[in-house]
Amino acid sequence: MPNPVKIPLPNSGYSAQLRGVSGKNTAGITIQGTYNSNWGMYVFNIEVSGPYELWVDPNGGSNYSKDSVWSGTNGKWLPGQDMIDSVN
C-alpha cells in the first residue's frame with residue numbers, strides 16, 4: 001500500500017499533481033492528488049521515494065502550473081512505500 005502524503009491547498013476545487021523531478025529516480029512519475037474533506041488536504045499516494053514538484057490547477061482542469069514556493073528549485077523529497085518496505 002502506498003504511503004499517503006497530505007498537502008494543504010486552498011480548497012477542494014483545485015486539481016493537484018506531484019511530478020517526479022527530471023534526472024532523478026522519480027522522473028516520469030505523476031501522482032494525482034485527491035481531496036480529503038475530513039483533513040481539508042490533498043492526499044497523494046507515494047510508492048517511490050524521492051524528489052517531487054507540486055503542480056496545481058486552481059480551476060480543476062488540465063492547465064497545471066508548478067507551485068514554485070512548495071517545490072523550491074529541486075523539488076521536495078517525499079518518502080514512499082519503497083522506503084517503508086526497506087525498514088520492515
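# A chat about the predicted chain

Q: Let's start with Val5, then: which residues does Val5 touch, if we skip those up to four places away in sequence?
A: Val5 touches Tyr42, Val43, Phe44, Ile46, Leu78 and Pro79, once residues up to four places away in sequence are left out of the count. Please keep in mind that this is a predicted model.

Q: And where is Val5 placed in the secondary structure?
A: Val5 belongs to strand 1, which covers residues 3-7.

Q: Is Val5 buried or exposed?
A: Val5 counts as buried, because its relative accessibility is 11% and the cut-off for buried is under 20%.

Q: What separates Val5 and Val43, in sequence and in space?
A: Along the chain Val5 and Val43 are 38 residues apart, while their C-alpha atoms are separated by 5.6 Å.

Q: Tyr42 was on that contact list; is Tyr42 buried or exposed?
A: Tyr42 is buried, with a relative accessible area of 1%, and Val5 is one of the residues in contact with Tyr42.

Q: Okay, aromatics next: how many aromatic pairs are counted?
A: The count comes to one aromatic pair, and this pair is formed by Tyr35 and Tyr42.

Q: What is the geometry of the Tyr35 and Tyr42 pair?
A: A pair of aromatic rings is described by the distance of the centres and the angle of the planes. For Tyr35 and Tyr42 the values are 5.2 Å centre to centre and 65° between the planes, and the pair is edge-to-face. That label applies because planes over 60 degrees apart count as edge-to-face.

Q: What about the accessibility of Tyr35?
A: Tyr35 is partly exposed, with a relative accessible area of 33%, whereas its partner Tyr42 is buried at 1%.

Q: Let me step back to the whole chain: how many helices and strands are there?
A: The chain has two helices and eight strands, and from the N terminus on the order of the elements is β-β-β-β-β-β-β-α-β-α. The chain is as compact as a globular protein of its length, because its radius of gyration is 13 Å, close to the 12 Å that the globule rule gives for 88 residues.

Q: And what does the C-alpha trace span?
A: Along its principal axes, the C-alpha trace spans about 40 × 30 × 20 Å.

Q: What share of the residues is buried?
A: Buried residues account for 36% of the 88 residues in the chain. The accessible surface comes to about 5,200 Å², and carbon and sulfur atoms hold 50% of this surface.

Q: How about contacts between residues far along the sequence?
A: If you take the contacts between residues at least 6 apart in sequence, 64% of them join residues at least 24 apart.

Q: Switching to the loops, where is Asn25 found, and what does Asn25 touch?
A: Asn25 is found in the loop between strand 2 (15-20) and strand 3 (30-32), and, not counting residues up to four places away in sequence, Asn25 touches Val48, Ser49, Gly50 and Pro51. The C-alpha atoms of Asn25 and Val48 are separated by 8.2 Å, with their positions 23 residues apart along the chain.

Q: Is Asn25 buried or exposed?
A: Asn25 is exposed, with a relative accessible area of 52%.

Q: And Asn74, where does Asn74 lie?
A: Asn74 lies in the loop between helix 1 (68-71) and strand 8 (76-78), and Asn74 is exposed, with a relative accessible area of 55%. Outside the residues up to four places away in sequence, Asn74 touches Val21 and Pro51, and Pro51 is also among the contacts of Asn25.

Q: Last one: what is Lys66 in contact with, leaving aside neighbours within four places?
A: Lys66 is in contact with Glu53, Leu54, Trp55, Ser71 and Gly72 when those neighbours are left aside. Lys66 is found in strand 7 (residues 65-66) and counts as partly exposed, at 32% relative accessibility.

Terms used. Residues are numbered from 1 along each chain as its sequence is written. This is a predicted model: local features need pLDDT of at least 70, side-chain atom pairs count only at pLDDT 80 or more; totals for chains, interfaces and linings use all residues. Side-chain values use heavy atoms; hydrogens and water are left out. Helices (H or I, at least four residues) and strands (E, at least two) are DSSP runs, numbered from the N terminus. The radius of gyration is taken over C-alpha atoms; the globule rule is 2.2 Å times the number of residues to the power 0.38. Buried means under 20% relative accessible area, exposed over 50%, partly exposed in between (1.4 Å probe, protein chains only). Contact means heavy atoms within 4.5 Å. Accessible areas come from the Shrake-Rupley method with a 1.4 Å probe; for residues, only the protein chains shown count as cover. Rings of Phe, Tyr and Trp (its six-membered ring) pair if their centres lie within 6.5 Å; planes under 30 degrees apart count as stacked, over 60 as edge-to-face and the rest as tilted.
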